[in-house]
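Visitor: I would like a close look at one part of this protein, the cysteines, and then at whatever surrounds that topic. Please keep to what can be read from the coordinates.

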Amino acid sequence: MEKLRATSSLRRSLKSILNRQLSSISEIRYLNGKRSCQPTFSLIRDYKSLGEANAIRYRCFSSVSTVVQRNPSFSTLNSDDISYFKRLLGEKSVIQDEDRLETVNTDWMRKYKGSSKLLLQPRSTEEVAQILKYCNSRCLAVVPQGGNTGLVGGSVPVFDEVVVNLGSMNNIISFDKVSGILVCEAGCILENLISFLDNQGFIMPLDLGAKGSCQIGGNVSTNAGGLRLVRYGSLHGNVLGLEAVLANGDVLDMLGTLRKDNTGYDLKHLFIGSEGSLGIVTKVSILTPPKLSSVNIAFLACRDYSSCQKLLMEAKRKLGELLSAFEFLDIQAMDLVLNHLDGVRNPLPASMHNFYVLIETTGSDESYDREKLEAFLLSSMEGGLISDGVLAQDINQASSFWRIREGVPEALMKAGAVYKYDLSLPVEKMYDLVDDMRTRLGDLARVIGYGHLGDGNLHLNVSALQYDDKILEQIEPYVYEWTSKHRGSISAEHGLGLMKANKIYYSKSPETVKTMGSIKKLLDPNGILNPYKVLPHSLDS
C-alpha cells in the first residue's frame, strides 16, 4: 500500500503512487458471495385464539411492538389441499418436513417466525399459476419466497400461510451479447448470474452482500439497491420486462426486451418493489452493462462530514462516468470493525479519522482512468477534502477495503444489541440525524452512521450492550418523525415487509397509500398474496 499525504512533495509522491496502477481487477467479490451477518432479535408470541394463534405481538427490538391479527377470512390447510398439490407438483415438491419448514418459517436474522405447514416448490410458471388459482379459490394465504435474505420480515409467514419458493425455477432463458439483455427465471441465484455474465464479458447492474443466496425474483420484488446503484441506477431502470402471476392464476406476460416501448401503462413497475403483494414474479428481462477492465479502489479519510459531501460533489464532477461506488463510514463504525472482525487491518494506521470514504472507479482505458483519478485526488488533497488515503495495489487489497465497509453489520452484531434503520435522506442532511441521535441518547448507547453516500442512503445503527426499552423509546418514533420532516424515506432499500407496514405514512401521504390499497384490491381481491406486509393493516379491515 502507498499513502497519499498532503505534503510539500505531494505531486511527486502522488505521481509515483498512481504509476503503480491497479493490476487487472475484473471483478471484486464483496463478502465472498456470503450473506453478511446480522444481529439476532427477540420475538414474543401472544396466543389469543380458541385453539390456534389469531394474533401475534411482534416485539422486534428495532421497532415498537406490532399486534397482527390473523385474517379470519383465510382458510386453514387440510388434507384435500395437500393431495391436490401433490398431484400438481409431485411428492418431492410438496414439503411438510418440520426441519425444512423451520428454515422457511424463520428469516435469516431470526427476527420473525411463522407457523406454515407447507412449502411448495414449483418448476414452471404454469405450476405457479395453478397453485395461485387453487389457493385463491380456497382463500389460502400465500407467501412468495426467494433466498429469504430480507431484513424486514417480508419473505416469511406471519401465521400459517403456504410458502411458495421459486428456487427450482433457475434457468437462464437467453442472453443477447449485442444488446446485453439477459432473460432468466426468478429462482436464479444472483451470484450465479454474476458468474454467467462474467464469462460473457458483462456484469450485473446489481451486487449485494447476500448474492450467494438471494434470488433475482426476490431482488426485483424488493427493488434491491446495493453497491452499484450510484453507477447503474435502480432495478426500475434496468429491468426491461418481467412475467408475473396474479393471485387468481392469470399470467401477465410483460417479458419485453425493448428499451423503448411506449404502448400504454408500464405495468411491470407495479411489481418491482411490491414485495410479492401484487403477484409472483416468475421471469425477468434485465439490461446488463459490459464488464470493464480498469478498476481502481481508494480508501480515504476526511476530517468532517462536510468534506465527505464536497468530496462526493467533486467525484461526480471530475470522475463522471468512471465513478461506480461512493461509500462512507464514521469513526465509530471503523472502530467497531477493527475491534470485532478478525483479520481486518486499518489501511491508514497512523491515526483514526472522523470519517472514511471508499471510492471505486471502473472504466475501459487504464491510462485515461489513471489520469482522471490522479487529477481528482490531487485537487481534493490540495483543497483539504482528503486528510489521508491509500490506493489498492492488487485485488487482495481491494477486497480488504470492501471488507471494512461491508463488515460493519457483522461487527455491530458482535458488539451486542443493535437497533437498525435503513433511511434515504438528502445528502446534506443525512449525518445531522446521526448527530441528533447522539445528543438524544447520550451515554445510553453508541450511534453509528455509514452507508451509500453516493445515493443518499444512511444506515443508522444504535449499538448497546443489551436491548432496553428506555433506548427504544428514545429512538422511535423520533427517527421516523425526523425522516418524515426532511421528506426522506423510512426504507431506502430493504422494503417495508411486516416491520414497517404500519409506518408507511411517515413516507407516503394517506391519499397515496389509499391508492396503493386500491391497486392491491384490484389485483388481489381476496388479499392472499403476502398478507400483513407492505400496506398498513388498517386497510385489511
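Guide: What follows starts with the cysteines and then moves to other buried residues, the backbone and the largest pocket.

The model is a predicted one. Searching the whole structure turns up zero disulfides. Two cysteines show how this comes about. Cys135 has its closest cysteine sulfur in Cys139, at 10.0 Å, which is too far for a bond. For Cys302 the closest cysteine sulfur belongs to Cys308, at 4.1 Å, and this too is too far for a bond. A disulfide would need the two sulfur atoms within 2.5 Å, so neither pair qualifies. Cys135 is buried, at 0% relative accessibility. Cys302 is also buried, at 0% relative accessibility.

Cys139 deserves a further remark. This residue sits in the loop between helix H4 (125-138) and strand E6 (142-145). Its phi is near 55°, a positive value in a residue other than glycine. Cys139 has a relative accessible area of 15%; the cut-off for buried is under 20%, so Cys139 counts as buried.

Two other places in the backbone can be listed with Cys139. Asn530, in the segment after H18, has phi near 45°, again a positive value in a residue other than glycine. Asn530 is buried, with 1% relative accessibility. The other place is a cis peptide bond between Glu476 and Pro477, with omega about 5°. Pro477 is found in the loop between helix H16 (469-475) and helix H17 (478-485).

Next come two buried residues with charged side chains, Asp330 and Arg228. Asp330 belongs to strand E14 (residues 323-330) and has a relative accessible area of 0%. Its side chain makes a polar contact of 2.7 Å with the side chain of Tyr431. Beyond its neighbours within four places in sequence, Asp330 is in contact with several residues, among them Asn354, Phe355, Arg438 and Gly449.

Arg228 lies in the loop between helix H6 (216-222) and helix H7 (229-232), and its relative accessibility is 8%. A polar atom of the Arg228 side chain lies 2.6 Å from the backbone oxygen of Met204. Not counting residues up to four places away in sequence, Arg228 touches residues including Ile203, Met204, Asp207, Gly233 and Ser324. The C-alpha atoms of Arg228 and Phe326 are separated by 9.2 Å, although the two residues are 98 residues apart along the chain.

The largest pocket holds about 820 Å³ of space. Its lining has 35 residues, and those closest to the centre are Ile272, Gly273, Leu496, Lys508 and Met516. By class, the lining consists of 13 nonpolar, 17 polar and five charged residues. Helix H9 (268-271) and helix H18 (510-523) each supply at least two residues of this lining. H18 gives the largest share, three residues.

As for the whole protein, there are 18 helices and 19 strands. Of the 541 residues, 56% are buried. Among contacts with a separation of 6 or more, 74% are between residues 24 or more positions apart.

How values were computed:
Residues numbered from 1 in each chain as written. Predicted model: local features only at pLDDT ≥ 70, side-chain atom pairs only at ≥ 80, totals over all residues. Heavy atoms only, no water. Helix = DSSP H or I, 4+ residues; strand = E, 2+ residues; numbered from the N terminus. Buried < 20%, exposed > 50% of the residue type's maximum accessible area, 1.4 Å probe, protein only. Polar contact = N/O pair within 3.5 Å; in protein donor to acceptor, adjacent residues only side chain to side chain. Contact = heavy atoms within 4.5 Å. 1 Å grid on protein atoms, 1.4 Å probe; cavity = no way out; pocket = protein on both sides within 12 Å on 5 of 7 lines; lining within 4 Å. Points joined across faces, edges and corners; volume = space filled by probe spheres on them.
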